[in-house]
Amino acid sequence: MDSNHSILFVAFLILCLTVNGVTGYATVTGTVFCDQCKDGEKSLFDFPVSGIKVSVTCLDENGQVYMSREETTNWLGGYVMRFDGTPDLTNCYAQVSDSGAQQGSSSSCSIASGPAQKLKLLFSFFGIETFVVDALLAQPVQPMSSCPKPPPAPVMPPPQTPVMPPPQVKLPPLPPIAQVPVLPSPKAPAMSPPPATSPPQFKLPPLSPIPPVPFVEPSACCHKLWIRPEYRCYWKVIGPDTKVAVAFGLVAGRRYGNDMTVREALKGRGEAYKTLLREATTALLNSYNSLGFPYNSVAVITYTNMALLGNSQHDVLMTAIRFIKANSGTCKFTECK
(Lines give C-alpha, C1' and ligand atoms only; values in the text may rest on other atoms or scores of the structure.)
Protein backbone atom coordinates (compact mmCIF):
# COMPACT_ATOMS: atom_id res chain seq x y z
CA MET A 1 0.00 0.00 0.00
CA ASP A 2 2.82 2.42 0.86
CA SER A 3 4.68 1.68 -2.40
CA ASN A 4 1.49 2.38 -4.41
CA HIS A 5 1.10 5.67 -2.58
CA SER A 6 4.70 6.64 -3.41
CA ILE A 7 4.24 5.77 -7.11
CA LEU A 8 1.06 7.86 -7.28
CA PHE A 9 2.81 10.77 -5.54
CA VAL A 10 5.76 10.70 -7.97
CA ALA A 11 3.35 10.50 -10.93
CA PHE A 12 1.53 13.54 -9.54
CA LEU A 13 4.83 15.44 -9.28
CA ILE A 14 5.75 14.55 -12.88
CA LEU A 15 2.34 15.80 -14.04
CA CYS A 16 2.82 19.08 -12.13
CA LEU A 17 6.26 19.59 -13.65
CA THR A 18 4.92 18.89 -17.15
CA VAL A 19 2.02 21.34 -16.76
CA ASN A 20 4.34 24.06 -15.45
CA GLY A 21 6.62 23.63 -18.48
CA VAL A 22 9.78 22.77 -16.52
CA THR A 23 12.90 22.86 -18.71
CA GLY A 24 16.14 21.05 -18.00
CA TYR A 25 18.79 22.55 -15.74
CA ALA A 26 21.57 21.47 -13.38
CA THR A 27 22.31 22.61 -9.84
CA VAL A 28 25.56 22.36 -7.88
CA THR A 29 25.43 22.45 -4.07
CA GLY A 30 27.99 22.22 -1.29
CA THR A 31 29.22 23.71 1.99
CA VAL A 32 32.39 25.62 2.99
CA PHE A 33 33.81 24.98 6.47
CA CYS A 34 36.28 27.11 8.43
CA ASP A 35 39.41 25.02 9.13
CA GLN A 36 40.13 26.66 12.50
CA CYS A 37 43.08 24.41 13.34
CA LYS A 38 44.64 24.81 9.83
CA ASP A 39 45.25 21.06 9.63
CA GLY A 40 43.76 20.69 6.14
CA GLU A 41 40.98 18.38 7.33
CA LYS A 42 37.37 18.75 8.50
CA SER A 43 37.24 18.21 12.28
CA LEU A 44 34.98 18.81 15.29
CA PHE A 45 36.32 22.38 15.68
CA ASP A 46 35.27 23.42 12.14
CA PHE A 47 31.98 25.20 11.35
CA PRO A 48 30.18 26.39 8.18
CA VAL A 49 31.29 29.89 7.16
CA SER A 50 29.29 32.48 5.20
CA GLY A 51 30.41 35.12 2.71
CA ILE A 52 33.04 32.92 1.01
CA LYS A 53 33.36 32.96 -2.78
CA VAL A 54 33.30 29.51 -4.44
CA SER A 55 34.14 28.98 -8.11
CA VAL A 56 33.14 26.05 -10.36
CA THR A 57 35.45 25.53 -13.37
CA CYS A 58 34.90 23.06 -16.25
CA LEU A 59 37.74 21.78 -18.46
CA ASP A 60 37.62 20.28 -21.96
CA GLU A 61 39.67 17.35 -23.29
CA ASN A 62 42.71 19.63 -23.81
CA GLY A 63 42.60 20.98 -20.26
CA GLN A 64 41.26 24.37 -21.34
CA VAL A 65 38.57 26.16 -19.33
CA TYR A 66 35.30 26.42 -21.29
CA MET A 67 32.87 27.35 -18.52
CA SER A 68 33.23 29.00 -15.10
CA ARG A 69 30.78 30.21 -12.47
CA GLU A 70 31.25 31.89 -9.06
CA GLU A 71 28.86 32.04 -6.07
CA THR A 72 29.00 33.25 -2.44
CA THR A 73 28.05 31.05 0.54
CA ASN A 74 24.89 31.91 2.50
CA TRP A 75 24.53 32.31 6.27
CA LEU A 76 24.50 28.50 6.67
CA GLY A 77 27.81 28.15 4.80
CA GLY A 78 26.13 26.56 1.75
CA TYR A 79 26.13 27.61 -1.88
CA VAL A 80 23.91 26.74 -4.85
CA MET A 81 24.73 27.31 -8.53
CA ARG A 82 22.22 26.81 -11.34
CA PHE A 83 23.17 26.01 -14.95
CA ASP A 84 20.29 26.28 -17.43
CA GLY A 85 19.87 23.65 -20.11
CA THR A 86 21.71 20.33 -19.94
CA PRO A 87 25.42 21.21 -19.62
CA ASP A 88 28.08 18.50 -19.26
CA LEU A 89 29.46 18.91 -15.71
CA THR A 90 31.30 15.57 -15.50
CA ASN A 91 34.73 17.25 -15.73
CA CYS A 92 34.04 20.23 -13.46
CA TYR A 93 35.69 21.12 -10.16
CA ALA A 94 34.74 23.39 -7.25
CA GLN A 95 37.14 25.26 -4.98
CA VAL A 96 37.31 28.30 -2.71
CA SER A 97 38.28 31.30 -4.82
CA ASP A 98 41.66 32.95 -4.25
CA SER A 99 39.82 36.20 -3.55
CA GLY A 100 38.47 34.54 -0.38
CA ALA A 101 35.73 36.38 1.45
CA GLN A 102 33.33 38.75 -0.28
CA GLN A 103 34.08 42.44 0.18
CA GLY A 104 32.28 43.75 3.24
CA SER A 105 32.12 40.29 4.83
CA SER A 106 33.04 40.08 8.51
CA SER A 107 34.44 36.54 8.16
CA SER A 108 38.02 36.13 9.38
CA CYS A 109 38.27 32.71 7.73
CA SER A 110 38.84 33.54 4.06
CA ILE A 111 42.13 31.93 2.94
CA ALA A 112 41.62 29.16 0.35
CA SER A 113 42.82 25.74 1.54
CA GLY A 114 42.77 22.18 0.26
CA PRO A 115 42.50 20.78 -3.27
CA ALA A 116 39.65 21.36 -5.69
CA GLN A 117 36.77 18.88 -5.36
CA LYS A 118 35.20 17.17 -8.38
CA LEU A 119 31.43 17.44 -8.86
CA LYS A 120 29.47 14.24 -8.06
CA LEU A 121 26.14 13.45 -9.72
CA LEU A 122 23.55 12.83 -6.99
CA PHE A 123 20.23 12.98 -8.81
CA SER A 124 18.99 12.99 -12.44
CA PHE A 125 15.28 13.27 -13.22
CA PHE A 126 13.66 14.36 -16.53
CA GLY A 127 16.52 16.65 -17.57
CA ILE A 128 16.98 18.02 -14.03
CA GLU A 129 20.34 17.09 -12.48
CA THR A 130 21.77 17.75 -9.04
CA PHE A 131 25.52 17.64 -8.33
CA VAL A 132 27.07 17.71 -4.86
CA VAL A 133 30.58 18.68 -3.79
CA ASP A 134 32.56 17.37 -0.83
CA ALA A 135 33.28 19.86 1.94
CA LEU A 136 35.53 22.77 0.92
CA LEU A 137 37.86 24.41 3.44
CA ALA A 138 38.82 28.01 4.18
CA GLN A 139 41.42 28.94 6.81
CA PRO A 140 41.97 31.88 9.16
CA VAL A 141 45.26 33.77 9.37
CA GLN A 142 46.15 32.15 12.72
CA PRO A 143 44.89 28.81 14.06
CA MET A 144 42.55 28.69 17.04
CA SER A 145 44.41 28.76 20.38
CA SER A 146 42.62 25.67 21.74
CA CYS A 147 43.58 23.45 18.77
CA PRO A 148 45.73 20.40 19.62
CA LYS A 149 49.38 21.05 18.92
CA PRO A 150 51.43 18.60 16.81
CA PRO A 151 54.01 16.51 18.71
CA PRO A 152 57.51 18.03 18.78
CA ALA A 153 60.04 16.68 16.33
CA PRO A 154 62.36 14.07 17.83
CA VAL A 155 65.77 15.40 18.87
CA MET A 156 68.60 13.47 17.27
CA PRO A 157 71.50 12.74 19.64
CA PRO A 158 74.91 14.07 18.56
CA PRO A 159 77.20 11.59 16.86
CA GLN A 160 79.43 9.72 19.29
CA THR A 161 83.12 9.31 18.71
CA PRO A 162 84.12 5.65 19.02
CA VAL A 163 86.33 4.96 22.03
CA MET A 164 89.23 2.63 21.39
CA PRO A 165 89.78 -0.03 24.10
CA PRO A 166 93.10 0.17 26.02
CA PRO A 167 95.84 -2.25 25.00
CA GLN A 168 95.73 -5.56 26.87
CA VAL A 169 98.81 -6.50 28.96
CA LYS A 170 99.43 -10.18 29.66
CA LEU A 171 100.35 -10.91 33.31
CA PRO A 172 102.35 -14.00 34.40
CA PRO A 173 100.18 -16.81 35.81
CA LEU A 174 99.73 -16.91 39.63
CA PRO A 175 100.93 -19.93 41.60
CA PRO A 176 98.19 -22.44 42.47
CA ILE A 177 96.35 -21.89 45.79
CA ALA A 178 96.00 -24.78 48.19
CA GLN A 179 92.42 -26.02 48.31
CA VAL A 180 90.64 -25.47 51.61
CA PRO A 181 88.04 -28.10 52.53
CA VAL A 182 84.49 -26.68 52.51
CA LEU A 183 82.42 -27.55 55.55
CA PRO A 184 78.78 -28.39 54.92
CA SER A 185 76.38 -25.67 56.06
CA PRO A 186 73.78 -26.61 58.65
CA LYS A 187 70.37 -27.38 57.19
CA ALA A 188 67.48 -25.24 58.26
CA PRO A 189 64.40 -27.09 59.47
CA ALA A 190 61.85 -27.61 56.70
CA MET A 191 58.79 -25.39 57.05
CA SER A 192 55.52 -26.49 55.49
CA PRO A 193 53.82 -23.75 53.45
CA PRO A 194 50.49 -22.41 54.72
CA PRO A 195 47.42 -23.94 53.09
CA ALA A 196 46.31 -22.12 49.94
CA THR A 197 43.05 -20.26 50.20
CA SER A 198 41.02 -18.96 47.28
CA PRO A 199 40.44 -15.19 47.18
CA PRO A 200 36.97 -13.93 48.05
CA GLN A 201 34.65 -13.72 45.08
CA PHE A 202 32.53 -10.64 44.41
CA LYS A 203 29.56 -10.54 42.06
CA LEU A 204 29.58 -7.50 39.78
CA PRO A 205 26.26 -5.80 38.99
CA PRO A 206 24.94 -6.38 35.46
CA LEU A 207 26.04 -3.80 32.90
CA SER A 208 23.44 -1.43 31.49
CA PRO A 209 22.61 -1.96 27.79
CA ILE A 210 24.77 0.05 25.43
CA PRO A 211 22.79 2.40 23.13
CA PRO A 212 23.10 1.60 19.43
CA VAL A 213 25.93 3.38 17.64
CA PRO A 214 25.52 4.97 14.17
CA PHE A 215 25.68 2.51 11.27
CA VAL A 216 28.90 2.74 9.23
CA GLU A 217 27.21 1.28 6.16
CA PRO A 218 24.33 3.19 4.52
CA SER A 219 20.98 2.86 6.30
CA ALA A 220 17.79 4.63 5.23
CA CYS A 221 14.50 4.04 7.06
CA CYS A 222 11.12 5.42 6.00
CA HIS A 223 8.97 7.69 8.18
CA LYS A 224 6.62 4.86 9.22
CA LEU A 225 9.47 2.94 10.90
CA TRP A 226 10.62 6.01 12.86
CA ILE A 227 7.17 6.30 14.46
CA ARG A 228 7.11 2.69 15.75
CA PRO A 229 7.88 2.41 19.52
CA GLU A 230 10.20 -0.62 19.18
CA TYR A 231 12.75 1.61 17.40
CA ARG A 232 12.66 4.42 19.98
CA CYS A 233 16.31 3.86 21.00
CA TYR A 234 17.54 5.09 17.59
CA TRP A 235 16.42 8.68 18.26
CA LYS A 236 19.74 10.47 18.82
CA VAL A 237 19.98 14.25 18.76
CA ILE A 238 16.27 15.06 18.59
CA GLY A 239 13.25 13.39 20.19
CA PRO A 240 9.62 12.93 19.14
CA ASP A 241 8.57 15.97 21.18
CA THR A 242 11.29 18.26 19.79
CA LYS A 243 9.82 21.31 18.09
CA VAL A 244 10.26 21.64 14.33
CA ALA A 245 11.48 25.22 14.86
CA VAL A 246 14.29 23.87 17.08
CA ALA A 247 15.28 21.06 14.68
CA PHE A 248 15.23 23.14 11.43
CA GLY A 249 15.51 26.77 12.54
CA LEU A 250 13.46 29.97 12.40
CA VAL A 251 12.52 29.66 8.72
CA ALA A 252 10.74 26.35 9.32
CA GLY A 253 9.21 27.77 12.52
CA ARG A 254 7.61 30.64 10.60
CA ARG A 255 6.23 28.24 7.99
CA TYR A 256 4.92 25.44 10.24
CA GLY A 257 4.45 27.25 13.55
CA ASN A 258 6.41 27.08 16.78
CA ASP A 259 4.21 24.37 18.37
CA MET A 260 4.53 21.58 15.78
CA THR A 261 6.60 18.62 17.03
CA VAL A 262 8.78 16.16 15.12
CA ARG A 263 6.25 13.37 15.77
CA GLU A 264 3.53 15.44 14.08
CA ALA A 265 5.87 16.27 11.18
CA LEU A 266 6.38 12.54 10.44
CA LYS A 267 2.61 12.13 9.94
CA GLY A 268 2.20 14.94 7.37
CA ARG A 269 0.78 14.10 3.92
CA GLY A 270 -1.60 15.36 1.22
CA GLU A 271 0.13 18.69 0.57
CA ALA A 272 3.54 19.64 -0.87
CA TYR A 273 4.84 21.55 2.17
CA LYS A 274 3.70 18.81 4.59
CA THR A 275 5.32 16.14 2.41
CA LEU A 276 8.57 18.13 2.32
CA LEU A 277 8.63 18.44 6.13
CA ARG A 278 7.86 14.72 6.58
CA GLU A 279 10.66 13.56 4.27
CA ALA A 280 13.12 16.20 5.54
CA THR A 281 12.51 15.07 9.15
CA THR A 282 13.00 11.42 8.10
CA ALA A 283 16.25 12.33 6.29
CA LEU A 284 17.49 14.27 9.35
CA LEU A 285 16.91 11.25 11.62
CA ASN A 286 18.65 8.94 9.10
CA SER A 287 21.66 11.28 8.88
CA TYR A 288 22.11 11.13 12.67
CA ASN A 289 22.12 7.29 12.60
CA SER A 290 24.05 6.40 9.43
CA LEU A 291 27.47 7.69 8.43
CA GLY A 292 26.80 6.48 4.87
CA PHE A 293 23.49 8.33 4.38
CA PRO A 294 23.60 10.50 1.18
CA TYR A 295 23.01 13.75 3.15
CA ASN A 296 24.57 14.87 6.43
CA SER A 297 22.50 16.80 8.97
CA VAL A 298 23.80 20.21 7.83
CA ALA A 299 22.85 19.47 4.21
CA VAL A 300 19.34 18.31 5.16
CA ILE A 301 18.65 21.50 7.15
CA THR A 302 20.21 23.70 4.42
CA TYR A 303 18.19 22.23 1.53
CA THR A 304 14.95 22.37 3.53
CA ASN A 305 15.39 26.05 4.43
CA MET A 306 16.41 26.93 0.86
CA ALA A 307 13.21 25.37 -0.49
CA LEU A 308 11.09 27.24 2.08
CA LEU A 309 12.83 30.57 1.42
CA GLY A 310 12.29 30.24 -2.34
CA ASN A 311 8.47 30.38 -1.98
CA SER A 312 8.29 28.20 -5.12
CA GLN A 313 6.03 25.16 -5.40
CA HIS A 314 8.48 23.68 -7.89
CA ASP A 315 11.48 23.93 -5.52
CA VAL A 316 9.44 22.39 -2.69
CA LEU A 317 8.39 19.43 -4.88
CA MET A 318 11.92 18.80 -6.20
CA THR A 319 13.45 18.89 -2.71
CA ALA A 320 10.78 16.46 -1.47
CA ILE A 321 11.59 14.07 -4.35
CA ARG A 322 15.30 14.10 -3.46
CA PHE A 323 14.57 13.24 0.18
CA ILE A 324 12.07 10.51 -0.82
CA LYS A 325 14.75 8.86 -2.95
CA ALA A 326 17.36 9.09 -0.16
CA ASN A 327 14.93 7.65 2.44
CA SER A 328 13.95 4.66 0.27
CA GLY A 329 17.16 2.66 0.85
CA THR A 330 17.78 -0.37 3.06
CA CYS A 331 16.90 0.02 6.76
CA LYS A 332 19.33 -1.55 9.28
CA PHE A 333 16.99 -1.30 12.28
CA THR A 334 16.72 -4.05 14.89
CA GLU A 335 14.24 -3.99 17.76
CA CYS A 336 15.46 -2.12 20.83
CA LYS A 337 16.01 -4.18 23.99
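1. The expected span of a helix is 1.5 Å times one less than its number of residues. Keep that in mind for helix H6, residues 272–289, in this predicted model. With 18 residues at 1.5 Å a residue, H6 should span 26 Å, and its end C-alpha atoms are indeed 26 Å apart, so the two values agree.

2. How many of the 18 residues of H6 are buried? The count is 16, so the helix is largely enclosed by the rest of the structure. If you would like to look at how H6 begins, go to Glu271: one of its side-chain oxygens comes to within 3.2 Å of the backbone nitrogen of Tyr273.

3. Thr281 is a good residue to pick inside this helix, since it lies in H6. Its relative accessibility is 1%, and because buried means under 20%, Thr281 counts as buried. Setting aside residues up to four places away in sequence, Thr281 touches Phe248, Val262, Ala265 and Leu266.

4. H6 also carries a charged pair that you may want to inspect. Glu279 and Arg278 meet through their side chains in a salt bridge, with 3.0 Å from N to O. Are these two partners buried or exposed? Glu279 has 6% relative accessibility and so counts as buried. Arg278 is buried too, because its relative accessible area is 5%.

5. The structure holds five salt bridges, and the one between Glu230 and Arg228 is also worth a look. Their side chains meet at 2.5 Å, N to O. Glu230 has a relative accessibility of 22%, so it counts as partly exposed. Arg228 is partly exposed as well, with a relative accessible area of 36%.

6. Next, please turn to Arg82, which takes part in two kinds of interaction. Its side chain meets that of Asp84 in a salt bridge of 3.1 Å, N to O. The charged end of Arg82 also sits over the ring of Tyr25, 3.8 Å from the ring centre. Arg82 counts as partly exposed, at 43% relative accessibility. Asp84 is exposed: its relative accessible area is 59%, and exposed means over 50%.

7. Another arginine is placed over a ring. Which ring does the charged end of Arg69 sit over? It is the ring of Phe83, with the charged end 4.4 Å from the ring centre.

8. On to the aromatic rings. The structure holds three aromatic pairs. In one of them, Tyr295 and Tyr303 are arranged edge-to-face, 5.7 Å centre to centre and with 85 degrees between the planes. Tyr295 is buried at 6% relative accessibility, and Tyr303 is buried with a relative accessible area of 17%.

9. Tyr295 also pairs edge-to-face with Phe323, at 5.5 Å centre to centre and 80 degrees between the planes. This pair links distant parts of the chain, its members being 28 residues apart. Tyr295 belongs to the loop between H6 and helix H7 (297–310), whereas Phe323 belongs to helix H8 (residues 313–327). Both Tyr295 and Phe323 are buried. Taken together, the ring pairs join Tyr295, Tyr303 and Phe323 into a cluster.

10. Where does Thr261 lie? Its place is in the loop between helix H4 (250–256) and helix H5 (262–265). Although it is a loop residue, Thr261 counts as buried, with a relative accessibility of 10%. Leaving out neighbours within four places in sequence, Thr261 is in contact with Pro240, Asp241, Thr242, Lys243 and Val244.

11. One backbone point to finish. Lys38 has a positive phi of about 55 degrees, although it is not a glycine. You will find Lys38 in the loop between strand S1 (25–34) and strand S2 (47–48). Its relative accessible area is 33%, so Lys38 is partly exposed.

Terms used
Residues are numbered from 1 along each chain as its sequence is written. This is a predicted model: local features need pLDDT of at least 70, side-chain atom pairs count only at pLDDT 80 or more; totals for chains, interfaces and linings use all residues. Side-chain values use heavy atoms; hydrogens and water are left out. Helices (H or I, at least four residues) and strands (E, at least two) are DSSP runs, numbered from the N terminus. Buried means under 20% relative accessible area, exposed over 50%, partly exposed in between (1.4 Å probe, protein chains only). A polar contact is a pair of N or O atoms within 3.5 Å; within protein, one must be able to donate a hydrogen and the other to accept it, and residues adjacent in sequence count only if both atoms are side-chain atoms. Rings of Phe, Tyr and Trp (its six-membered ring) pair if their centres lie within 6.5 Å; planes under 30 degrees apart count as stacked, over 60 as edge-to-face and the rest as tilted. A charge sits over a ring if NZ of Lys or CZ of Arg is within 6 Å of the ring centre and within 35 degrees of the ring normal. A salt bridge is a side-chain nitrogen of Lys or Arg within 4 Å of a carboxyl oxygen of Asp or Glu. Contact means heavy atoms within 4.5 Å.
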